[in-house]
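Got your viewer open? Load the model and get ready to click through a few residues.

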Amino acid sequence: RVFCRHALACACCPDELGTDCQRDAQRQREIIGDIIGTSLMHKRDHRPVTPDEIVLEPSFVCPVLGLQGRMDLIHLGLDIIVEQKGGKAAMGSVDGHVRQQQKHYVQLLLYRALFHYAYSQLPYADMASYLLYSRYEGGLVELSAARPLLHEAMKVRNQIAWSERRWAEHGMDFLATMTADSIFPNCNATLWQRYQRPDIDRLLAALRLATPLERAYCLRLMRFVACEHMLAKVGSRTKEDSGFATTWTASVEEKRLSGNIYERLVMEPMAPCGEQEDIVFVFGDHSWAAGADMSNFRVGDIVMFYPYRRDHEPDATASIVFRSTVTDIRTDRLCVRLRNPQNTCVFDFYNRQDMCWAVEHDFMEASFTSLYRGLYAFLAAPKERRDLVLGLRQPAVDATTTLRGDYGSFNSLALSARQAQDLFLIIGPPGTGKTSFGMLNVLKEQLLESGSSVLLTAYTNRAVDESCSKLVESDIDL
C-alpha cells in the first residue's frame, strides 16, 4: 500500500534500501501483531480488550487545555491509550526491557490529560497508557502519571501560543539576527553539534545573506502568513463564524445559520468487520442545509465527523472525531473519505437508535507550513529568479518565436504567451474568458510542440473542476 501511494519516491530509492525497509516493516508488523494480540489483551485482567474495541488514529479536540491530538490506538471505553513508535527507544532493548524517550513520554502525558479533562470520567492516574516500540520484542512500555513533566509541557504549549500571537502582531524580524548558538549557547551535545546546529544555521543564513530588499520582502510576507495563520485558528472580528475555534466558541444555532454544520445524519450500513475508507451519510429529518445553497461545504473540503446522542446538541469537543474529506454532496446524502481507514466495528458501536452523526469543518496547519517553505524557497532561489519576483528585471521574451496554430482573434494573446520565457500573466475579472479562451488557446499552442507535457494547477477545487471541464469540451486528453 505504501508503494502504491508513493511509487515514484520508492522507485528512486536504492534497491538495498528498499529491501531493508521492507524487511524491517515486516518484522515490525509481526511484533505489533504479537503485542496487540497477546500482551495488550492480557495486560490487565480487569480490563480485557478485544480487536473489535480498538480504534486506530482517532482525533480529539480539547478547548480546556487548548490541545488537539491524533492518537495511534485507543480502547472504545476511552480508558486505554497506545502510542506506537517505529524508531529507537532511549536505551534500546536490554534484557528484554525497553526505556522510553522523554519526548515520547511527554506526548503520551498530554494525551492522558486531554482524555481526563475533556472526555473520560476516569481519574487521571487510573488510565492505562502505553508506548509501543515496534522495533523490539516486548516493546510495550506502560507509563504512569508524571504531573511535573505534564506541567512543564503545558508551559511550553503556552509559550508556543504566545509566540504565534506575537509573530502575527509584530512580525519575525528577529530571524535576521538569530543564530543557532543564540538558541542553545554552549551546547556540546553530539546531536546538536552534528545535525541540528548546522541545519538551523543553514536555514537562517539564507535570510541573513539576502539583500535588504529581499529580506524586507520576506519578513513582511512572513508576518502576513503568521497573521493569516492566527486568523484561521481564532477567527476575525470582521467575519462572523470564522476560524477553527468556532468549533467550540460558536453555538449550534450559529453554525446552522452560517451553513457550517450538517447534523442528525444517519450512516449507511457497511460490510461487517471490514476496513472502511468511504462513508456515506443520509440526511435525516431536520438535517440542516441538506443539499441546499446555504451549505458552506464543498467537494474536496477537509471535515471531521463525530457521533452524538439524538437528545443532545452536537459537540465536537465531547466525542471522538474522525477526520475525512468530502467526496460528494447530493440532496439526500453526503459522502466522505476517511483520512485513516477504520474497522467497521468501530462505527457499529455508535450506530445505535439513540445516536446520530454531525459533520463540521476541519483545520490543517500543513497548508501554512507550505507557505513558509515557499518564502524560504524564494530566498534559496537563483538571483535571476529573485530579481524577477521583485520586479528588478523584466521577464525575458523571445521575439523570434512564431505560432504553430491559428486562434483567430486570440492569436496575439497566444503569441505573447508563446514568446514569454519566464512567465506570462492573464489578468481580468470573473467571466472575462481567462480560462475559456486565454488558458485554452495558450494550452492548445503549447501542445502542438512535439512531446510536450503541461502541468495545470489552480488555487481551489472549483477552479480545477472548471479547467478540467474546458479540456473535456475541447477533447484534450488529461
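Here is a short tour, one stop at a time. Keep in mind that this is a predicted model.

**Stop 1: Gln-342.** Select residues 333-343 to light up strand S14, then pick out Gln-342 within that strand. Is Gln-342 buried or exposed? Its relative accessibility is just 2%, and because the cut-off for buried is under 20%, Gln-342 counts as buried. Now show what touches Gln-342: beyond its neighbours within four places in sequence, the contacts are Val-55, Leu-56, Glu-57, Gly-274, Glu-275, Gln-276, Phe-322 and Phe-347. For a longer view, draw a line from the C-alpha of Gln-342 to that of Gln-101; the two are separated by 29 Å, with their positions 241 residues apart along the chain.

**Stop 2: Met-230.** Next, go to helix H8, residues 212-234, and click Met-230. Met-230 is buried too, with a relative accessible area of 17%. Try the C-alpha line again, this time to Arg-165: the separation is 6.9 Å, although the two residues are 65 apart along the chain. Arg-165 is also one of the contacts of Met-230, together with Glu-164, Ala-168 and Gly-235, if you skip neighbours within four places in sequence.

**Stop 3: salt bridges.** Time for some charged pairs. Side chains of opposite charge can pair when their charged atoms come close. How many salt bridges does the structure hold? The count is 27.

Start with Glu-30 and Arg-27, whose closest N and O atoms are 3.3 Å apart. Both sit in helix H3 (residues 15-39), and because they are three residues apart there, about one helical turn separates them. Glu-30 is exposed at 51% relative accessibility, while Arg-27 is partly exposed at 36%.

Then jump to helix H10, residues 252-257, where Arg-256 and Glu-253 are again three residues apart, about one turn of the helix. Their side chains form a salt bridge at 3.1 Å, N to O. Here Arg-256 is buried at 16%, and Glu-253 is partly exposed at 37%.

Stay there and select Lys-255, then add Glu-360: their side chains meet in a salt bridge at 3.0 Å, N to O. Lys-255 belongs to helix H10 and Glu-360 to strand S15 (residues 355-361), so this pair ties together parts that are 105 residues apart in sequence. Both residues are buried.

**Last stop: a network.** Finally, select Arg-309, Asp-311, Arg-352 and Asp-354 together. Salt bridges link these residues, Arg-309, Asp-311, Arg-352 and Asp-354, in a network.

How values were computed:
Residues numbered from 1 in each chain as written. Predicted model: local features only at pLDDT ≥ 70, side-chain atom pairs only at ≥ 80, totals over all residues. Heavy atoms only, no water. Helix = DSSP H or I, 4+ residues; strand = E, 2+ residues; numbered from the N terminus. Buried < 20%, exposed > 50% of the residue type's maximum accessible area, 1.4 Å probe, protein only. Contact = heavy atoms within 4.5 Å. Salt bridge = Lys/Arg side-chain N within 4 Å of Asp/Glu carboxyl O.
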